[in-house]
Amino acid sequence: MEQENKTSGALKKSSRYRSRSLSASSTDSYSSNSCTGSSSEDDDISPREKIQKNSGGSNDFCVRNINQHAFGRREIEIAEQEMPGIMALRKRAGDDKPLKNAKVIGCTHINAQTAVLIETLSALGASVRWAACNIYSTQNEVAAALAEAGFSVFAWRAETEEDFWWCIDKCINAENWQPNIILDDGGDATHLMLKKYPAMFKLIKGIVEESVTGVHRLYQLSKSGKLTVPAMNVNDSVTKTKFDNLYSCRESIIDSLKRSTDVMFGGKQVIVCGYGEVGKGCAQGLRGVGCIVYVTEIDPICALQASMDGYRVVRLNEVIRNVDIVITATGNKNVVTREHMDKMKSGCIVCNMGHSNTEIDVNSLRTTDLTWEKIRSQVDHVIWPDGKRIILLAEGRLVNLSCSSLSSFVVSITSATQALALIELFNAPPNRYKSDVYLLPKKMDEYVATLHLPTFDAHLTELTDDQAKYMGLNKAGPFKPNYYRY
């Protein structure tokens with residue numbers, strides 16, 4: 001009887017691999033290879049149903065498999081070698097403990113690079129609880145390594161929607177633990193705390209937010225008078241926008257498309273929806289490998305930039321029948337609709353580089369007339385009745401974190417920026433920041449850049465006293481006014 005049950009389970013699992021219909025949910029991506037190809041989900045048991053303890057006897061975590069911790073620790077050690085800025089900050093500020101008594105709720109992607117940030121915050125004195133901001137971007141081994149090291153981590157790859165909110169709730173609502181600051185990526189921890197724990201929300205010292213989507217939510221809260229604490233917009237700091245959004249996406253879009261589809265880029269027609277920093281990075285990277293790149297834009301300034309960078313600015317409908325790859329990078333919703341996908345040619349690759357899974361109307365594909373066929377982890381063929389098929393990556397979620405890995409060096413820049421923003425908000429005098437959204441002080445942007453220059457053996461020129469006086473600058477910076485656009 002037991003053998004029959006095992007066989008039956010195997011058949012069910014096998015059939016789920018082969019095809020899916022409208023009943024399949026976004027959590028049905030069964031194979032769990034992480035962005036580095038290392039995560040494993042060796043059973044169907046939800047982590048919430050498992051009884052797990054780390055070697056210290058703690059069970060204040062929920063991960064896929066705590067026994068994977070040794071592999072995860074090696075991933076973290078590799079990331080540390082490529083993250084000079086955040087490691088330098090850990091070394092410089094470790095004795096001062098600028099985050100002593102800080103209790104941080106973290107809701108970000110959980111990978112080896114994030115682990116370096118988490119352990120840095122701990123080294124600077126903070127107590128942290130962490131959940132994932134994306135159901136597909138968690139590296140299971142890294143989450144296990146953090147749990148083994150005593151961190152309260154609630155995340156695993158391919159969570160259900162219910163699991164996702166449960167994990168964030170477990171971070172916020174903990175016994176004998178009162179959070180006093182939030183580090184968010186997408187605004188979900190902020191949203192849940194404000195909605196479910198409004199009294200707790202009013203007691204926090206501030207929010208640090210690093211995504212376009214989350215920052216947009218914060219400005220909406222501020223405009224409606226619902227933001228009762230100060231917030232730091234890290235996304236629009238120079239060291240985040242230019243490096244994480246532009247330089248990182250320039251490389252990671254190529255990596256994620258190549259790993260997931262093995263596509264040959266030379267001569268392919270690609271349309272990038274949105275020409276912000278992410279769109280600029282994607283367009284640069286794709287043109288660099290031989291693609292013919294089109295751009296869509298709503299903003300005349302960004303459209304003019306794209307035109308002068310040599311890209312053809314079009315409406316999506318004008319080229320949708322001919323393009324080979326469609327990439328969204330707008331932060332908006334329903335940028336690619338069912339009507340667009342009906343017009344695509346067979347074999348067209350569709351993916352999203354924006355934070356939220358709203359840009360591609362994936363729900364419109366979950367109908368009885370279309371068949372879903374799982375090809376590999378994070379890769380689905382959606383098949384039309386006439387046999388046409390499109391290739392949908394990560395079910396419309398953030399493709400570079402779902403299908404590839406990010407450069408640790410670039411994440412070091414963002415992580416150092418986040419850490420400094422947390423230190424600034426946590427230690428600010430009571431009246432320095434009101435209940436509004438603020439940009440990171442430029443002096444901190446420059447400090448983050450300085451931390452990373454030794455890697456390139458870069459030597460800064462120093463102003464003479466006469467030059468500094470002529471320019472009206474302090475010799476130590478900041479060197480540009482707040483309105484300067486890099």
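This passage describes the overall form of the protein and then some of its local surroundings. The structure is a predicted model, in which local features need pLDDT of at least 70 and side-chain atom pairs count only at pLDDT 80 or more, while totals for chains, interfaces and linings use all residues. Residues are numbered from 1 along each chain as its sequence is written, and side-chain values use heavy atoms, with hydrogens and water left out.

To begin with the whole chain, the protein holds 18 helices and 15 strands; helices (H or I, at least four residues) and strands (E, at least two) are DSSP runs numbered from the N terminus. The C-alpha trace spans about 75 × 60 × 45 Å along its principal axes. The radius of gyration is 23 Å, which agrees with the value near 23 Å for a compact globule of 486 residues; it is taken over C-alpha atoms, and the globule rule is 2.2 Å times the number of residues to the power 0.38. Two domains appear in the domain assignment, domain 1 (22-240 + 407-427) and domain 2 (250-403), with bounds from an automatic or database domain assignment. Their centres, taken over C-alpha atoms, are separated by 28 Å.

Burial and contacts come next. Of the 486 residues, 56% count as buried, where buried means under 20% relative accessible area, exposed over 50% and partly exposed in between (1.4 Å probe, protein chains only). Among contacts with a separation of 6 or more, 71% join residues 24 or more positions apart, contact meaning heavy atoms within 4.5 Å.

A closer view starts at strand S1, where Ile105 lies. Ile105 counts as buried because its relative accessible area is 1%. Leaving aside neighbours within four places in sequence, the contacts of Ile105 include Arg129, Trp177, Leu183, Ala189 and Met193. Ile105 and Leu183 are 78 residues apart in sequence, yet 6.1 Å separates their C-alpha atoms.

Ala189 and Met193 also belong to the buried residues of helix H7 (residues 188-196), together with Asp188, Thr190 and Leu192. The cover over the buried residues of H7 includes strand S1 (103-108), helix H6 (161-172), strand S4 (181-184), helix H8 (198-202), strand S5 (207-209) and helix H9 (212-223).

Elsewhere, Asp380 is found in strand S13 (residues 379-383). Asp380 counts as buried because its relative accessibility is 0%. From Leu146, Asp380 is 234 residues away in sequence and 31 Å away in space, C-alpha to C-alpha.
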